[in-house]
Amino acid sequence: MSDALLTAIEHHRRGQLPQAEALYRQILARDPMNADALHLLGVIAHQVGQHAQAEQLIGQAIRLKPGAADFHSNLGETLRALGKLDVAIASYQRAIQLNPEHLDALINLGAALQSSGRTDEAIAAFERVVALRPDHADAWSNLGFALGVKNLAYPAEAACRRAIELNPNHARAHANLAAALQKQARAGEAVAAYRKAIDLEPAMRVAHGNLLLALNYDPAQTPQDVFAEHVRWAELHANVLGNDAPPHANDRDENRRLRIGYVSPDLRRHSVAFFVEPLLAAHDRAAVEIFCYSDAERPDDVTQRIRASADHWRECHGVVDDLFANIVRDDRIDILIDLAGHTGGNRLLAFARRSAPVQMTYLGYPNTTGLAAMDFRITDAWADPPGSTDAFHTEQLIRLPRTAWCYQPSREAPPVAPLPVESAGHITFASFNKLAKISPLCLDTWAQLLRRIPDARMIIKATALLDPIARQRMNDAFAAREVDPARLHVLGPLATAAEHLSIYARADVALDTFPYHGTTTTCDALYMGVPVVTLAGQTHVSRVGVSLLHTVGLEHLVAQTPQQYVEIATRLSEDREPLSRLRAELRPRMQSSPLFDGR
């Protein structure tokens with residue numbers, strides 16, 4: 001290696017990129033076939049965001065020196081920045097073939113596989129890194145994240161704690177730990193871990209947004225504190241983006257059709273779709289023109305069905321927020337509706353840029369966005385009683401007159417089965433909500449109910465219960481509350497919607513979680529003929545069940561205290577004949593209720 005190249009590399013190592021680039025170019029002027037200079041010039045292009053040029057330069061270097069593992073690894077980085085994940089993965093794999101212990105290639109391969117939805121392969125890549133370098137904190141953190149995506153929350157927690165042990169100030173590891181704790185229904189610990197991550201790295205906008213979601217699960221949080229944190233998120237990350245928003249050039253002809261835009265990452269097989277699909281299908285096309293902005297990472301058959309109800313469809317996954325905001329402006333949208341709130345893949349930063357003259361949030365998140373630029377939030381008077389929650393929103397609340405929801409059941413839903421107690425000889429309670437929604441008080445109340453009815457059984461089904469450790473911990477939680485785990489049937493996810501819904505054939509009464517209520521799960525249970533008992537709280541997140549039950553005339557199943565919750569569930573289980581009649585009536589009752597009146 002020449003002295004000139006060594007000098008250039010030293011400048012590069014020190015971060016003196018202009019000096020390094022000038023020297024690399026001088027070397028190439030004398031020796032155009034110098035693969036190392038071409039490669040490193042490409043690395044600089046990547047570092048300054050000129051990824052297309054980097055791809056060209058590193059590609060030339062590889063043609064001259066195809067056996068250099070570093071070249072293939074860095075080409076992978078450039079290709080990943082360009083969104084070319086498949087070829088990036090191939091480049092990393094080639095680097096690893098050339099050097100099986102190439103740590104950068106292995107860890108970047110894992111990240112690219114994770115982004116491609118190939119989580120099992122990503123886990124294998126990160127496990128190889130920690131086997132080679134047990135002190136690699138980044139790899140442990142990434143492994144924890146990937147295990148969490150696979151709903152292996154306890155191994156995920158262990159991996160994240162190992163990363164933090166190696167580097168106590170690893171902000172991403174604290175955020176990944178928080179996600180693992182939340183999946184285990186350890187809301188208070190998750191909130192603390194998110195706060196630690198944000199303290200270490202205040203610019204972690206996504207982690208801060210995840211903290212907001214976690215606050216909704218934590219019964220220790222007051223409505224005032226939750227609202228204040230939402231406002232703080234907006235002040236830190238979003239509100240300033242609207243300061244220079246230009247005026248909108250929308251046509252002011254009052255006789256034209258109104259342009260309405262819906263923004264969501266969940267226009268796919270997702271709980272949001274159960275409520276959006278009937279809404280879109282029922283719009284009056286003479287009055288409105290519908291635009292859908294889809295951020296679905298992997299569109300599916302449900303995406304195609306929803307797309308058929310839109311006048312205009314925009315695929316936006318991977319589009320940066322400022323460009324997204326310009327697309328909306330160019331479409332001259334009159335009312336832009338957020339369907340995600342502070343959940344994954346949201347576009348709140350585009351709303352902060354005032355993409356449309358009127359902006360609303362609805363459905364996908366049970367709380368305020370905190371944004372100064374979000375004008376309205378759509379709800380109803382049961383979920384948000386007038387005067388009770390208005391002060392905890394930056395938006396003005398629009399309360400729809402009958403219900404905030406229109407539900408479309410799965411096309412795979414089987415018929416309602418006979419009341420299972422009649423054949424089983426014992427009552428069976430059920431909860432199919434997220435594990436994160438099962439608070440300690442919720443567990444206490446369920447255990448009290450099971451102790452009160454000694455022959456009763458309970459089905460608990462949740463995606464996070466895929467993890468055998470999580471299933472054992474659930475059994476242990478009931479055993480600690482003096483309920484024999486043999487009375488439980490603890491289930492993870494099933495392959496199809498039909499299989500999932502068929503489990504309701506074994507349930508007599510569904511028990512809602514609190515303080516975070518179910519929405520889709522409550523509607524599914526009612527549609528399958530299973531009444532739901534819920535506990536009313538103070539805010540929207542703990543009043544969705546109240547709204548749904550009032551909408552179908554089951555307000556007598558709404559409890560005001562945990563003790564009343566037990567009393568209502570007990571009465572339901574004892575009155576077998578009325579329970580059987582209710583089971584037969586629930587589906588037609590739903591179908592004739594406002595829940596099915598999308599128009």
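This passage describes the nonpolar cores, the cysteines and the unusual backbone geometry of a predicted model. Local features were considered at pLDDT of at least 70 and side-chain atom pairs at pLDDT 80 or more, whereas totals for chains, interfaces and linings use all residues. Residues are numbered from 1 along each chain as its sequence is written, and side-chain values use heavy atoms, with hydrogens and water left out.

The largest nonpolar core (buried Ala, Val, Leu, Ile, Met, Phe, Trp, Tyr and Cys residues joined through side-chain atoms within 4.5 Å; buried means under 20% relative accessible area, with a 1.4 Å probe and protein chains only) has 98 residues, and those with the most contacts inside it are Y24, W233, Y293, L336 and L371. When neighbours within four places in sequence are set aside, L371 is in contact (heavy atoms within 4.5 Å) with W233, A234, A238, N239, L348, F351, A352 and T394. Another core, of 96 residues, lies apart from this one and includes A310, A430, L526 and L554.

Zero disulfides (pairs of cysteine sulfur atoms within 2.5 Å) were found in a search of the whole structure. C442 is buried, with a relative accessible area of 0%, and the nearest cysteine sulfur to that of C442 belongs to C523, 18 Å away.

Most residues other than glycine have a negative phi, and most peptide bonds are trans. The bond from F514 to P515, however, is cis, with omega near 10 degrees. N151, which is not a glycine, has a positive phi of about 60 degrees and is buried at a relative accessible area of 13%; likewise, L363 has a positive phi of about 80 degrees and is buried at 17%.

Terms used
Buried means under 20% relative accessible area, exposed over 50%, partly exposed in between (1.4 Å probe, protein chains only).
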